[in-house]
Amino acid sequence: RGFVAAALWCCWGLKTSRDGETCAPLKNHGSYSAVEIGIGTPRQSFELVADTGSSNVIVTHCACQQTNCFGYSTPCFTGANRSSTFHIPLGEDGEPESLALEFGSGVIFGVLGSDVVSLGSTSALMNRSLVLMYDHELDAGITDFEGIFGLGLPYEDGVVSTSSWLTTAAVDRFSMCFTAFEEDGVLRLNYADAKASKMKSIGQYHWGLNFNGISVGQQTQEVLFCGGTKTSSRCGIIPDSGTTLMLGPSEQILELFSSLCDRWPRCAKAYAEFNRTQKDEFSLGGALGDWLKHALSKWGLPTISSPFASDPRTQVKLDKRRHFEGLLKSCQAWGASDTAALDKELPSIFWHLAGAEGQKQILEMPPSSYVVAMGYEEQVACLPFFGEFEYVTAQNGPIWILGSAVFYDYVVQYDLSSSSISFSDTPCGHCSTTPSLASTPLLKLARTRRKNGQQLRRQEGKVRMPQWDTQRPL
């Protein structure tokens, strides 16, 4: 994999510039949200995935066009003879330092370079820590990848320089929120310190929290799995803007779906009727199984065979899960035409979180956040916005990924100075000087629009999955 390393370098004394708070809009691409980032001098602009699950800054280099990486229309970076602050350090063999980064969707091949990376008015010189992608073995469905803007917890990697963009740019804190509507989401750097309850991160490699489980229907209901609220946490959780779905261990996903069926009157009634008559309209060998395979294929996920023992108790949960998924598939038939109807029909779920020093927070998530639609016109179906992901650690037990859905409901705040995370319904606003927009709490706006009957959030394309080494601790 050849790479021509030519460089022109100056301005070694360049320092980070920071002028108070920086606000940048987040463009919704369905499976992820992207932020406009400038690289080089003069600035070349790219839309990079805003990813709190990675600490790397990756940009597609124009050398990728030699292999037609993503088509010739995809923006790409050129450093040599174009950016006066660009440099590629060479090793003893006279070649650039190369690396391969594994993602859920494949592998990226790159070299380490140096240049200025800017977000709005905040900039930093990424010295030997800017990854220039020159080739890849990503999923064939990825056709417009420009790169990743890593906002993950800085850590020592041994491959990439330990200086992440956040630390190099002297960012003390940042917040993110998404929107399913026409407005952009918001990424805010160095905002005024919020009064939201902060939970100290427990992660060594990730922004992580203790996870005490989920309650269904009301926050006072019995908490499912992870030890509940009466014992110390036996699970961990990572709020990750770069992962599309909410991911958890298969056995705990099964328990959650079974409980959702119990707390959803329509599902509980259908299961009771099945139990009485043994007439199975939701057999995985029939239309439901075909639909699930189709949906997983569109999302780029493998069809997972059941890993469960065939004991009677587990079979009951499997039957309830089939009824839950089967009834969601036919959501159009029973009138889930918008978010208001869906929220009236199904129960909310409550995430019980805790920090390293015992701080706790419970997050309510309505059905219109954990259920999405797929298809058009008379062929619309709904499905839960969850996926199975096995990541078990010795210290923190099974790990859940709290993906994009939570960023639609809450302003998620990350504080590097205290290594803490918080979730807030305080105003998120917009990157605008218009008072009427800037003063509108995004969360309250979202909830108001749900009540007014917004269209269901959709997920038609392939989802983004985590890139992490699951052999590492949280």
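**Helix crossings and three buried residues**

Helices H3 and H5 sit oblique to each other, because their axes cross at roughly 125 degrees (under 35 degrees is roughly parallel, over 145 roughly antiparallel, 65 to 115 roughly perpendicular, and the rest oblique). This is a predicted model, where local features need pLDDT of at least 70 and side-chain atom pairs count only at pLDDT 80 or more, while totals for chains, interfaces and linings use all residues. Numbering runs from 1 along each chain as its sequence is written, and side-chain values use heavy atoms, leaving out hydrogens and water.

**The whole protein**

- The protein has 10 helices and 25 strands (DSSP runs numbered from the N terminus, with at least four residues for a helix, H or I, and at least two for a strand, E).
- Of its 474 residues, 55% count as buried (under 20% relative accessible area, with over 50% called exposed and partly exposed in between, using a 1.4 Å probe and protein chains only).
- Among contacts with a separation of 6 or more, 73% come from residues 24 or more positions apart (a contact means heavy atoms within 4.5 Å).

**H3 against H5**

- The axes of H3 (residues 265–277) and H5 come within 9 Å (axes are lines fitted to C-alpha atoms, for helices over the stretch in contact, and angles run from 0 to 180 degrees between N-to-C directions).
- H3 passes H5 in a right-handed crossing (the near helix is turned clockwise from the far one by less than a right angle; anticlockwise would be left-handed).
- On the H3 side, the contact uses Arg266, Cys267, Ala270, Tyr271 and Phe274; H5 brings Val316, Asp319, Lys320, Arg322, His323, Phe324 and Leu327.
- Sorted by class, the contact of H3 with H5 has seven nonpolar, one polar and four charged residues (Ala, Val, Leu, Ile, Met, Phe, Trp, Tyr, Cys and Pro are nonpolar, Asp, Glu, Lys and Arg charged, and the others, Gly among them, polar).

**H2 against H5**

- H2 (residues 250–263) and H5 (residues 312–329) have axes that come within 8 Å and cross at roughly 65 degrees.
- That angle makes H2 roughly perpendicular to H5, and H2 passes H5 in a left-handed crossing.
- From H2, the contact takes in Ile253, Leu254, Glu255, Phe257, Ser258, Leu260, Cys261 and Asp262; from H5, Thr314, Lys317, Leu318, Lys320, Arg321, His323, Phe324 and Glu325.
- The residues of the contact of H2 with H5 split into seven nonpolar, three polar and six charged.

**His352**

- His352 lies in strand E17 (residues 349–354) and counts as buried, at 5% relative accessibility.
- Its side chain is joined to that of Ser215 by a polar contact of 2.9 Å (a pair of N or O atoms within 3.5 Å; within protein, one must be able to donate a hydrogen and the other to accept it, and residues adjacent in sequence count only if both atoms are side-chain atoms).
- Between His352 and Gln219 there are 8.5 Å, C-alpha to C-alpha, though they are 133 residues apart in sequence.

**Thr243**

- Thr243 lies in the loop between strand E15 (235–239) and strand E16 (246–248), and at 0% relative accessibility it counts as buried.
- The side chains of Thr243 and Asp240 make a polar contact of 2.5 Å.
- Leaving aside residues up to four places away in sequence, Thr243 touches Ile401, Gly403, Ser404, Arg464, Met465 and Pro466.

**Leu187**

- Leu187 lies in strand E12 (residues 185–189) and is buried, with a relative accessible area of 0%.
- Residues touched by Leu187 include Thr22, Cys23, Leu119 and Phe174.
- Leu187 and Cys431 are 244 residues apart in sequence but 8.8 Å apart in space, C-alpha to C-alpha.
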